[in-house]
Amino acid sequence: MSSTAQTRLRDIPVRVVGSPAPSALGPQEAVYHRRRRVVQLLALVLIVLVPTSGLFRIDPIAGAVVVLDRQIWFADFFLVFGLWIFLATMMVFLYSVAGTVFCGWVCPQNSVAEWANFMTRKFLGKRAEVSLDGAAIRVTASKDHLLNWLVLALSFIGASMMVALVPMLYFYPVSAVWSFVSLRPNPALAGSLYWIYTVFVLIVLLDVTVLRHFWCRFICVYRVWQHSFKTRQTLHIAYDASRAADCEGCNYCVTKCFVDLDPRSTDVFDSCINCGECVDACNRMHHKSGEPGLLRFEFGARTSTKAATRKRNNEYSLLGRSRWALPFSFLGLAMFAWGVWTYEPYHLSVDHGTGAAGQAITDYQIAIANKQYREEKVRILIKGIDAQNYHLSADALTLGKIQRQSLTLSISPLIKHGLYPVQVEVQAQDGWVGHFEFQHFAG
């Protein structure tokens with residue numbers, strides 16, 4: 001390049017413009033999408049871990065609820081009622097503050113429906129959608145092949161068979177479920193269980209192939225329950241109407257909404273599930289111009305008040321809802337903690353039975369129940385009466401998992417006349433000691 005050309009280039013006025021500040025660029029692309037996928041994955045893992053770890057499940061054979069791998073009877077009032085109060089109040093608090101965040105970020109039905117949408121578009125094209133209005137599925141010509149349809153169908157069937165196993169984990173131990181999967185006989189499994197499982201598979205298959213998010217919009221009773229606690233202050237999608245000119249002719253946020261809403265005009269009782277996909281979509285469109293999107297998550301009513309005033313009002317509203325919900329939550333948590341602390345892993349009872357008319361009762365049935373899912377050994381002691389005046393059918397027992405055994409205490413009819421306070425003491429290897437006292441009358 002000649003010196004004259006270089007001089008001319010240097011003479012061109014150049015104005016250096018600094019890069020927009022990170023805050024002006026708005027959030028990174030798909031920030032809510034990535035976070036939501038992590039939460040959804042953790043929720044699905046948790047749904048499987050809860051029953052398999054013994055944290056919570058239902059034992060249909062014993063007809064009891066299992067918490068922390070222990071049977072919970074109605075006698076364990078504080079544990080059952082405290083847990084119910086805590087979960088109910090915390091869920092109500094979540095609904096009133098965060099709205100339908102559970103649906104968009106945790107609900108397994110939504111996660112499965114989104115996976116079904118992904119698989120449909122992967123094998124049939126980006127514009128392929130399932131609609132219940134009678135319209136045919138739009139399939140990309142290059143992907144309209146028998147192999148694609150076959151792989152998609154097998155994927156849906158396989159996923160349905162796996163998802164249908166999850167409810168079984170809440171009613172049967174892992175070993176029994178594995179016996180079910182491997183077609184091995186197991187006395188814990190009901191004979192009709194394969195029919196029940198088939199029905200579950202068909203329900204899940206119907207959901208992933210046809211219903212999907214139609215369930216969330218029009219069928220889900222849980223969503224109606226959540227809406228009962230939503231207000232205009234609840235977390236929602238807010239639209240910056242002052243920049244409406246920036247989104248003229250752009251429907252990107254609408255196309256990204258998989259529950260068929262216009263995120264720019266959401267209301268209290270609409271079907272929005274607060275997933276944040278529309279926020280990510282709007283941010284992606286305006287990221288190139290160095291401006292934040294027009295959509296955002298926001299607490300509080302959509303008013304024209306100043307941001308500081310709106311924030312203060314939102315804090316007052318949140319505090320007002322916490323005043324009644326949190327005390328009940330703490331009460332339920334305290335009751336649950338007390339129930340866990342005072343939980344009796346065994347149950348001891350004594351039945352005097354019935355004797356012949358006019359004759360004194362001399363035989364007593366001692367029943368000991370193990371409420372844990374592990375084998376335990378117990379020792380039985382009788383106090384309040386001399387050893388030569390009674391006979392115990394067994395002074396030690398090995399209790400299997402969730403097993404109840406009985407033994408007989410026979411008191412000699414030749415014992416001296418009087419009233420004897422008898423105490424049955426049971427000592428378990430794990431340190432538990434139980435007592436049962438009764439009065440024996442010798443005539």
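Colleague: Leaving aside its neighbours within four places in sequence, which residues is Ser 271 in contact with?

Modeller: In this predicted model, and with those sequence neighbours set aside, Ser 271 is in contact with Arg 217, Arg 223, Val 259 and Leu 261. Ser 271 itself sits in the loop between helix H13 (252-256) and helix H14 (277-287).

Colleague: Why does Ser 271 count as buried?

Modeller: The relative accessibility of Ser 271 is 14%, and buried means under 20%, so Ser 271 counts as buried. Over the protein, buried residues make up 38% of the 443 residues.

Colleague: Why is Asp 69 called partly exposed, and why is Leu 183 called exposed?

Modeller: Asp 69, in the loop between strand S2 (64-67) and strand S3 (70-72), has a relative accessibility of 33%; since that value lies between the 20% limit for buried and the 50% limit for exposed, Asp 69 is partly exposed. Leu 183, in the loop between helix H9 (174-181) and helix H10 (193-211), has a relative accessible area of 65%, which is over 50%, and is therefore exposed.

Colleague: What makes the phi values of Asp 69 and Leu 183 worth a remark?

Modeller: Most residues other than glycine have a negative phi. Asp 69, however, has a positive phi near 65°, and Leu 183, which is not a glycine either, has a positive phi of about 60°.

Colleague: Why are H3 and H6 described as oblique to each other?

Modeller: The axes of helix H3 (residues 31-52) and helix H6 (residues 108-124) come within 10 Å and cross at roughly 120°. That angle is above the 65 to 115 degrees of a roughly perpendicular pair but not over the 145 of a roughly antiparallel one, so H3 and H6 are oblique. Their crossing is left-handed, and the contact is made by Arg 36, Arg 37, Gln 40, Leu 44 and Ile 47 of H3 together with Pro 108, Ser 111 and Glu 114 of H6. By class, these are three nonpolar, two polar and three charged residues.

Colleague: How do you know that H6 and H7 are roughly antiparallel?

Modeller: H6 packs with helix H7 (residues 146-163) at an angle of about 165°, and their axes are 9 Å apart. Because angles over 145 degrees count as roughly antiparallel, H6 and H7 receive that description. H6 passes H7 in a right-handed crossing. Residues making the contact include Trp 115, Met 119 and Phe 123 of H6 and Trp 149, Leu 152 and Phe 156 of H7, and by class the contact has ten nonpolar, three polar and no charged residues.

Colleague: Which residues of the largest nonpolar core touch the most other members?

Modeller: Of the 25 residues in that core, Ile 366, Ile 368, Val 378, Ile 380 and Ile 382 touch the most other members. Several strands supply at least two residues each, among them strand S7 (363-370), strand S8 (376-383) and strand S12 (418-428), and S12 gives the most, with five residues. Outside its four-place sequence neighbourhood, Val 378 is in contact with residues including Ile 368, Leu 397, Leu 399 and Val 426.

Colleague: Which residues does the second, separate core include?

Modeller: The second core has 14 residues, among them Val 31, Leu 235, Ile 237 and Leu 294.

Technical notes
Residues are numbered from 1 along each chain as its sequence is written. This is a predicted model: local features need pLDDT of at least 70, side-chain atom pairs count only at pLDDT 80 or more; totals for chains, interfaces and linings use all residues. Side-chain values use heavy atoms; hydrogens and water are left out. Helices (H or I, at least four residues) and strands (E, at least two) are DSSP runs, numbered from the N terminus. Buried means under 20% relative accessible area, exposed over 50%, partly exposed in between (1.4 Å probe, protein chains only). Contact means heavy atoms within 4.5 Å. A nonpolar core is a set of buried Ala, Val, Leu, Ile, Met, Phe, Trp, Tyr and Cys residues joined through side-chain atoms within 4.5 Å. Axes are lines fitted to C-alpha atoms, for helices over the stretch in contact, and angles run from 0 to 180 degrees between N-to-C directions. Angles under 35 degrees count as roughly parallel, over 145 as roughly antiparallel, 65 to 115 as roughly perpendicular and the rest as oblique. A crossing is left-handed if the near helix is turned anticlockwise from the far one by less than a right angle, and right-handed if clockwise. Ala, Val, Leu, Ile, Met, Phe, Trp, Tyr, Cys and Pro count as nonpolar, Asp, Glu, Lys and Arg as charged, and the others, Gly among them, as polar.
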